[in-house]
Amino acid sequence: MRLAPCAPVLARPDGTTQVGTSVPVRLAALSETERPVVIAAESTPIGADECALLGDAGARLAEAGLLVEEEEPPAGVVAIHGAGRIGLELGSALAACGITVAFSDRRPAHDEPGLYPRRALVSTCAGGAAWSVRERLPRASVVDASDPTLTVLISLGGAARHATAAWEHDGTPHLLIAVDEAGATVGPLVVPGATACGRCLALERTAVDPDWPLLLDQLSGRRPRPLPEIVPDIVAAASRLVIRALRGGAPSNEAWRIVLGGAPRPAPVSPRADCGCGAAG
Ligand SMILES: [Zn+2]
């Protein structure tokens, strides 16, 4: 056990001890044995024997969610398809959370000038992103993309039908990120048969513009190169959806619309009965 991250132990003038700053717990008159244990738990894990020493104070902290078990990083491999700026930054963010990542992108590394370290001895964008993440985070786990738990597809304009077909078939959850000239849409994190899928989205778009399938075909293989300043919001929304799914969160049709200079806003999607994916029931 240990105190929740970022829950400081503070001394108040009246002699009480406060743990936390947002929804704090105030502990009156800690004993000579209790106080050092609370202070130690701020920075290091404490064992069951030390926890027992805390008595009522420990129970109050645990009840408030301030005394917690050490949490393991979410298990699984997240394979990111598209190792440009968004893929690289998303991979770094997930790796920093202890999540194993993989990159898939066969385009030559010189397609992304200035993105990977100059000394990166790599030929592909996937290699460049893997190199960059390992260099930023020496303890990062970056593996081969062949056996993912969850995948991420970063596309320009929309997900090509062929790009997600295998994941829909074998039931692999996949997060769709579509970048366009006005911003990006992050989500849904498709759980085949349970949420709207890429085909549902394409059908929705086609209902508005019957030529959309032809346009989507033309977008296939084109590379999104967003303004760097929009990337952090994309990465934040994507990381949250991925981590929630890896931690066993329920499937959701949640998606977010991100525009330059604006706050991200919800843009949920709906499964379509004419898709055939089964998500509409
Ligand atoms: Zn569908």
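The following exercises, each with a worked solution, concern a predicted model.

**Exercise 1.** Describe how helices H3 and H4 pack, and identify the residues that make the contact.

*Solution.* Step 1: two packed helices are described by the angle between their axes and the distance between the axes. Step 2: for H3 (residues 85-96) and H4 (residues 125-136), the angle is about 40 degrees and the axes are 10 Å apart. Step 3: the crossing of H3 and H4 is right-handed. Step 4: H3 contributes Gly87, Leu88, Gly91, Ser92 and Ala95, while H4 contributes Ala129, Ser132, Val133 and Arg136. Step 5: sorted by class, this contact has 4 nonpolar, 4 polar and 1 charged residues.

**Exercise 2.** Determine which strands stand at the edges of the open sheet formed by S2, S3 and S4.

*Solution.* Step 1: the strand order is S2-S3-S4, with antiparallel pairing. Step 2: S2 (9-11) and S4 (25-27) each have a single partner strand, so they stand at the edges and one side of each lacks a neighbour in the sheet. Step 3: neighbouring strands are turned by 25 degrees against each other on average, direction ignored. Step 4: S2 and S3 (residues 17-19) are joined by 3 bridges, and Leu10 stands opposite Gln18 in S3.

**Exercise 3.** Locate Trp256 within strand S12 and name its partners in S11 and S13.

*Solution.* Step 1: in S12 (residues 256-259), Trp256 and Ile258 form the covered face, whereas Arg257 and Val259 form the uncovered one. Step 2: S11 (residues 183-190) runs antiparallel to S12 and is joined to it by 4 bridges; Val186 stands opposite Trp256. Step 3: 2 bridges join S12 to the antiparallel strand S13 (residues 265-266), where Pro266 is the bridge partner of Trp256. Step 4: S12 and S13 form a hairpin with 5 residues between them, and Gly261 in the turn has a positive phi of about 80 degrees.

Definitions and conventions:
Residues are numbered from 1 along each chain as its sequence is written. This is a predicted model: local features need pLDDT of at least 70, side-chain atom pairs count only at pLDDT 80 or more; totals for chains, interfaces and linings use all residues. Axes are lines fitted to C-alpha atoms, for helices over the stretch in contact, and angles run from 0 to 180 degrees between N-to-C directions. A crossing is left-handed if the near helix is turned anticlockwise from the far one by less than a right angle, and right-handed if clockwise. Two residues are in contact if their C-beta atoms, placed from the backbone, lie within 7 Å. Ala, Val, Leu, Ile, Met, Phe, Trp, Tyr, Cys and Pro count as nonpolar, Asp, Glu, Lys and Arg as charged, and the others, Gly among them, as polar. Two strands pair if DSSP finds at least two bridges between them. A residue is buried if 20 or more other C-beta atoms lie within 10 Å of its own, exposed if 12 or fewer, and partly exposed in between; C-beta atoms are placed from the backbone.
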